[in-house]
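Student: I should like to learn how to read the features of a protein model. Could we begin with the spaces inside it?

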Amino acid sequence: MHLVLGARGGETYVVRASAGGPLKVLRPFLLPDGRAVVQVVHVGPGLLGGDELRVSVCVEAGAGAVVVSQSATKVLGMRLGQRACHRVTLLVHEGGALEYYPGLVIPFAGAELLQDQEVLVEGGGRVGVLDLWAAGRIARGEVGRFRRLSARLHVKIDGRPVYADALELEPITRPVEGWGLLEGHRYLASGYWQWGDVPEDMVQEEGLLLAWGRTAGGGTYLRALARDGLAMREALGRVLQTWRDLWGLPPVDLARYSSA
């Protein structure tokens with residue numbers, strides 16, 4: 001999937017959108033400030049062994065967008081030696097702004113997923129990325145029964161690396177619920193924003209561990225562990241809304257556009 005967003009008359013519009021295989025791009029919704037909400041749909045049953053999805057989003061100067069997935073991403077079980085790959089490239093030009101929220105990833109028993117996200121920002125551009133993961137199909141008792149989850153996030157500003165993140169879960173070698181990993185939690189989140197200041201106080205709720213901080217390059221990172229996926233989603237929604245209010249962004253009910 002390749003998506004280019006531009007600005008015209010104070011509003012963001014789709015310059016070019018092309019998608020193949022199971023990916024589809026729906027018509028964007030405009031926000032009060034002219035930014036656009038763009039939904040991405042996966043019309044297949046989920047990611048299968050041997051699948052490789054490539055997603056690129058480019059935001060031109062003056063454009064602003066919130067890109068979301070309409071539903072959770074399911075990674076189905078696969079044969080030994082097989083894996084699914086998800087490669088994402090986000091490019092934000094100077095004066096552009098992009099929030100990329102792909103939704104919850106649910107690995108089935110026997111699933112293996114490699115994800116790589118590269119975020120390229122020109123000076124003055126703004127970007128936010130939030131990934132959500134389940135430790136398996138919780139209701140079916142498949143916690144920690146996937147083979148491997150490997151995710152990488154690299155952020156560069158004007159070609160200079162400013163942030164890198166890695167998630168490596170391989171239950172065969174180390175149970176994901178053990179010490180130093182999820183420790184009884186079944187959902188996790190990882191995010192990064194190159195945007196603006198955030199409050200220093202923490203919001204903590206029962207069953208949820210939430211932390212964030214500032215990087216040397218002026219970005220904000222976030223980590224969360226939760227026992228309940230809905231509670232995590234609602235808490236992160238409140239945090240994001242607080243931050244977006246501080247940044248002067250219009251309210252966005254992400255639940256309206258995404259069920260993930």
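Tutor: This is a predicted model. Consider the walls of its largest cavity: strand 5 (36-42), strand 6 (52-59), strand 7 (64-69), strand 10 (97-107), strand 11 (112-121) and strand 12 (126-134) each contribute at least two residues to the lining.

Student: Which strand gives the most to that lining?

Tutor: Strand 10 does, with 4 residues. In total, 24 residues line the cavity, and S69, T73, H86, Y100 and P102 are the ones that lie nearest its centre.

Student: How much space lies in the largest cavity, and what is the character of the residues in its lining?

Tutor: The space amounts to about 300 Å³. Its lining consists of 15 nonpolar residues, 8 polar ones and 1 charged one. The structure holds 1 cavity of 30 Å³ or more.

Student: How should one read the side chains of a strand?

Tutor: In a regular strand, side chains alternate between the two faces of the sheet. As for pairing, strand 1 (residues 2-8) and strand 2 (residues 11-18) run antiparallel and are joined by 7 bridges. The two form a hairpin with 2 residues between them, and G9 in the turn has a positive phi of about 60°.

Student: Which residue of strand 2 stands opposite R8?

Tutor: That residue is E11. R8 also has a ring beneath its charged end, which sits over Y13 at 4.0 Å from the ring centre. A further case is R137, which lies over the face of F108, 3.9 Å from the centre of the ring.

Student: How many aromatic pairs does the structure hold?

Tutor: There are 5 aromatic pairs. In one of them, W195 and W247 are stacked, with 5.5 Å from centre to centre and 15° between the planes. Planes under 30 degrees apart count as stacked, so the angle decides the label.

Student: Why does the pair of W195 and W247 tie together parts that are apart in sequence?

Tutor: W195 lies in the loop between strand 15 (187-194) and strand 16 (208-214), whereas W247 lies in the loop between helix 1 (229-246) and helix 2 (254-257), so the pair joins parts that are 52 residues apart in sequence.

Student: What form does the pair of W243 and W247 take?

Tutor: This pair is tilted, at 6.1 Å centre to centre and 45° between the planes.

Student: Are W243 and W247 buried or exposed?

Tutor: W243 is buried, with a relative accessible area of 1%, and W247, at 13% relative accessibility, also counts as buried. W195 is buried as well. Finally, ring pairs link W193, W195, W212, W243 and W247 into a cluster.

How values were computed:
Residues are numbered from 1 along each chain as its sequence is written. This is a predicted model: local features need pLDDT of at least 70, side-chain atom pairs count only at pLDDT 80 or more; totals for chains, interfaces and linings use all residues. Side-chain values use heavy atoms; hydrogens and water are left out. Rings of Phe, Tyr and Trp (its six-membered ring) pair if their centres lie within 6.5 Å; planes under 30 degrees apart count as stacked, over 60 as edge-to-face and the rest as tilted. Buried means under 20% relative accessible area, exposed over 50%, partly exposed in between (1.4 Å probe, protein chains only). A charge sits over a ring if NZ of Lys or CZ of Arg is within 6 Å of the ring centre and within 35 degrees of the ring normal. Two strands pair if DSSP finds at least two bridges between them. On a 1 Å grid over the protein atoms alone, a cavity is a set of points where a 1.4 Å probe fits but cannot get out, and a pocket is an open set with protein on both sides within 12 Å along at least five of seven lines; lining residues have an atom within 4 Å of a point. Grid points are joined across faces, edges and corners, and a volume is the space filled by probe spheres set on the points. Ala, Val, Leu, Ile, Met, Phe, Trp, Tyr, Cys and Pro count as nonpolar, Asp, Glu, Lys and Arg as charged, and the others, Gly among them, as polar.
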